Protein chains: 4
Amino acid sequence: MVESEISGTMDTKRLETLVDGIFAIAMTLLVLGLAAPQISGPLTNAAVTNAILNIIPNLISLIISFVLLAVFWKIHHRIFKQIDRMDGTLLWINVIWLLFIVLVPFSSTLTGDYGQFPVTHVVFNLNMLGIAVLLFLNWEYATRHNFILDTVDKAQIIFTKRINIAFTGLVFLAILLSYYIPSYAEVVYLIIFPLEQVLQRL
Amino acid sequence: MVESEISGTMDTKRLETLVDGIFAIAMTLLVLGLAAPQISGPLTNAAVTNAILNIIPNLISLIISFVLLAVFWKIHHRIFKQIDRMDGTLLWINVIWLLFIVLVPFSSTLTGDYGQFPVTHVVFNLNMLGIAVLLFLNWEYATRHNFILDTVDKAQIIFTKRINIAFTGLVFLAILLSYYIPSYAEVVYLIIFPLEQVLQRL
Amino acid sequence: MVESEISGTMDTKRLETLVDGIFAIAMTLLVLGLAAPQISGPLTNAAVTNAILNIIPNLISLIISFVLLAVFWKIHHRIFKQIDRMDGTLLWINVIWLLFIVLVPFSSTLTGDYGQFPVTHVVFNLNMLGIAVLLFLNWEYATRHNFILDTVDKAQIIFTKRINIAFTGLVFLAILLSYYIPSYAEVVYLIIFPLEQVLQRL
Amino acid sequence: MVESEISGTMDTKRLETLVDGIFAIAMTLLVLGLAAPQISGPLTNAAVTNAILNIIPNLISLIISFVLLAVFWKIHHRIFKQIDRMDGTLLWINVIWLLFIVLVPFSSTLTGDYGQFPVTHVVFNLNMLGIAVLLFLNWEYATRHNFILDTVDKAQIIFTKRINIAFTGLVFLAILLSYYIPSYAEVVYLIIFPLEQVLQRL
């Protein structure tokens, strides 16, 4: 790499553009999980209404995934407001992270289509686990290799680390719940919102 | 959030990038509602012509949704030309708003495929209602919490508010019309164009 | 509009972002016209090879549409390098133009799937006609309403106008050829490349 | 072109935006190759688990393609950090390159669906060949026509050239391996990572 050859680092701007693009597309592709219903039998307003009601589980999956993607996007932005250069390793941590982001429309559609079966929620939450672990690695690597801006104080660094650990913990909880209450396993992710408030005050 | 920790606000630029991306994709994904026709029976130029003509209702749905999305995009731009920072609440108002934007290709395809049934137009217009209400909340929240730029005068604030209320009113009218003239319910949205001219002169 | 209220014009930057986004997506969605083949009968390397060869007409449609979209993207960029503000009418000319751009993956897939039938090429070329006419209107409106930058000399304005007229002429030729040599009708668009060179030297 | 008329060159910024957009979309569209499984027979957790396991070959194809696209994106960025203007020929080299990028979700899905057959890997690797050759042409053309920034030293120019040649070599190796070990042919691309390190030290 040109930058590597010179200083071992490169700037993060183009990566942020790619991240924004992939998030915008992944969030919009979720809608493909809501396939327009194929109605068999006579076409009536009642039949169409019924077909639409059958899509509700898919709609719930879409809403959960959309909100989670927005949370990840926000966390990533916070991280990259505090980083302005990276090396090849940090770039690849982010590329693998994006790979898990790209899989969300698939695992989301899976829980929408076959949400009554635990395995689909395990797959969805393993997808979340990949995202959480790479977000954690991203921050760990960036802090250990001094990619953090000088303007960022220690309290902020610890706060971001805690958010990442808390989220990873929630994912394990969700994987566990997938076996007992599959259809509601993802509800635990809502805890991230009050948790963020609490962690900020520690 | 870093910004929240410091001042309780964050800048709006990255949100605008996400909004632009999601709009570009949602507007383009509308074309997936025009599935290339599956022709059963002998393949002739007449059969293909006929299959293409059958797509016309889907094309009309696409045109309506495309123009409406362009209107929302324009309104959102106007709003965010007058706002340059936001807090977490305003961010989430916008994320939920984007969720409704992402649903448009689905509800548009629904009216294209089964437009003769009132329920599909009710779904489409409930989708529009979500968009209208969140656009209204966006502006209300921004004005009440002083996120508006000082350069924006009072007349402009009131104009934007009136546009939002007018649009919400049109949505209710469209929902009502969905029961009586389903296939033409969305025509009422055309009123937004002369209405905007009138409101500007008040 | 805020800007309209003040000066009757608005800047073109966000429109250019939307245009770039929609082009990137429309150009990439063309690939959906190359559905992975569904093979019936025994799965062998020969059967799969045959299924892939059957996709060649779709690949040709994709290439033609991709190159044409790149041409339109380039023309639009040239136009908006010479314009830096616009009014509501110019905005809507561009929105309707984008509507025709969004339709390209559909009409392209149509010629790929049923290219032996003239009607599909007529549809494709009518799509091109919409694009050509709106590009022409775009430039006409911009020049007549003085939206062109002062740094643009008269020769350039006339050159752009001639390109637009030439392209519209080629579209009419393609529509005509759709009836006689459907599968080769779009070849006439290749003339745009030498034609551009010629017009530049006039 | 306006710019051509004046100086024979144009700036590369808008092209970079288009490239970033197309990469973000192509990388995300890969997920469509993981169609939510259609389960025939009784719906049980075991049946759904089995259906998900059947997707693993598609997932492997997705991962390979995603990582390769990230590699191409990175190479393209390095190239365009060293170029700041281009002419029409260089633009079209890039457009044709993007055409091959757009085809990746198709050829990737093909190896995912029918990976046991050599022909699918040949198609995938021919797609890679197109990408590699155009990346090579891009750099050759840029260096020969003096589009490289003065700040780029000779060692860097040679390094980029070697990477391009090395990658083209790997593609030929992959095409060859497609006939003998189809399912593992793409593994050779992993060599690009250590190879890059070696070439950098030459």
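**Entry 1: the D/A interface**

I started between chain D and chain A, where the rule finds 2 salt bridges. I count a salt bridge when a side-chain nitrogen of Lys or Arg lies within 4 Å of a carboxyl oxygen of Asp or Glu. One pair I looked up is A:Arg14 with D:Asp20, whose closest N and O atoms are 3.1 Å apart. I then counted polar contacts between chain D and chain A and got 4 residue pairs, both residues at pLDDT 80 or more. A polar contact here is a pair of N or O atoms within 3.5 Å; within protein, one must be able to donate a hydrogen and the other to accept it, and residues adjacent in sequence count only if both atoms are side-chain atoms.

Which elements of chain D give two or more residues to the side that touches chain A? I find α2, α3 (45-53), α4 (56-81), α7 (154-180) and α8 (192-201). α4(D) has the largest share of that side, 12 residues. Helices (H or I, at least four residues) and strands (E, at least two) are DSSP runs, numbered from the N terminus. By class, the side of chain D that touches chain A holds 26 nonpolar, 9 polar and 6 charged residues. I take Ala, Val, Leu, Ile, Met, Phe, Trp, Tyr, Cys and Pro as nonpolar, Asp, Glu, Lys and Arg as charged, and the others, Gly among them, as polar.

In residues, 41 of chain D are in contact with 37 of chain A. Contact means heavy atoms within 4.5 Å. Chain D and chain A bury about 3300 Å² between them, with 77% of it on carbon and sulfur atoms. Buried area is the accessible area (1.4 Å probe) that two parts lose on being put together, summed over both.

**Entry 2: ground rules**

The model is predicted: local features need pLDDT of at least 70, side-chain atom pairs count only at pLDDT 80 or more, and totals for chains, interfaces and linings use all residues. Residues are numbered from 1 along each chain as its sequence is written, chains are lettered from A and ligands numbered from 1 in the order in which they are written, and side-chain values use heavy atoms, with hydrogens and water left out.

**Entry 3: the D/C interface**

Next I turned to chain C. Here 37 residues of chain D are in contact with 41 residues of chain C. The two chains bury about 3300 Å² between them, 77% of it on carbon and sulfur atoms. I count 2 salt bridges between chain D and chain C. D:Arg14 makes a salt bridge with C:Asp20, with the closest N and O atoms 3.1 Å apart. The rule also finds 4 residue pairs in polar contact across this interface.

The elements giving two or more residues to the side of chain D that touches chain C are α1 (2-6), β1 (10-11), α2 (13-29), α5 (88-114) and α6 (118-144). α5(D) gives the most, with 13 residues. This side of chain D divides into 26 nonpolar, 6 polar and 5 charged residues.

**Entry 4: how the copies relate**

I laid chain D on chain A. A turn of 90° and a shift of 0.0 Å along the axis do it, with an RMSD of 0.0 Å. That is the relation of a four-fold axis. The copies use different surfaces, as 7% of the contact residues of chain D recur in chain A. I superpose by least squares on the C-alpha atoms of residues with pLDDT of at least 70 in both copies.

Chain D also goes onto chain C by a turn of 90° and a shift of 0.0 Å along the axis, at an RMSD of 0.0 Å. Again the surfaces differ: 8% of the contact residues of chain D recur in chain C.

Which chain pairs have no contact? Chain A and chain C have none, and their closest C-alpha atoms lie 9 Å apart. Chain B and chain D have none either, with closest C-alpha atoms 9 Å apart.

**Entry 5: salt bridges overall**

Over all chains I count 21 salt bridges. I checked A:Glu16 and B:Arg14, whose side chains meet at 2.3 Å, N to O. A:Glu16 lies in helix α2 of chain A and B:Arg14 in helix α2 of chain B, so the pair joins two chains.

**Entry 6: chain A alone**

Chain A has 8 helices and 2 strands. Along the sequence the pattern is α-β-α-α-α-β-α-α-α-α. The C-alpha trace of chain A spans about 70 × 40 × 25 Å along its principal axes.

I looked up the UniProt entry, which is unreviewed. It lists "transmembrane region" for residues 21-39, 51-73, 89-110, 122-142 and 163-181 of chain A. I checked two of these ranges against the model. Residues 89-110 of chain A are 100% helix and 0% strand, with end C-alpha atoms 32 Å apart. Residues 122-142 of chain A are also 100% helix and 0% strand, with end C-alpha atoms 30 Å apart. The UniProt positions are in the numbering used here, feature names are shortened, and annotations may be inferred rather than shown by experiment.
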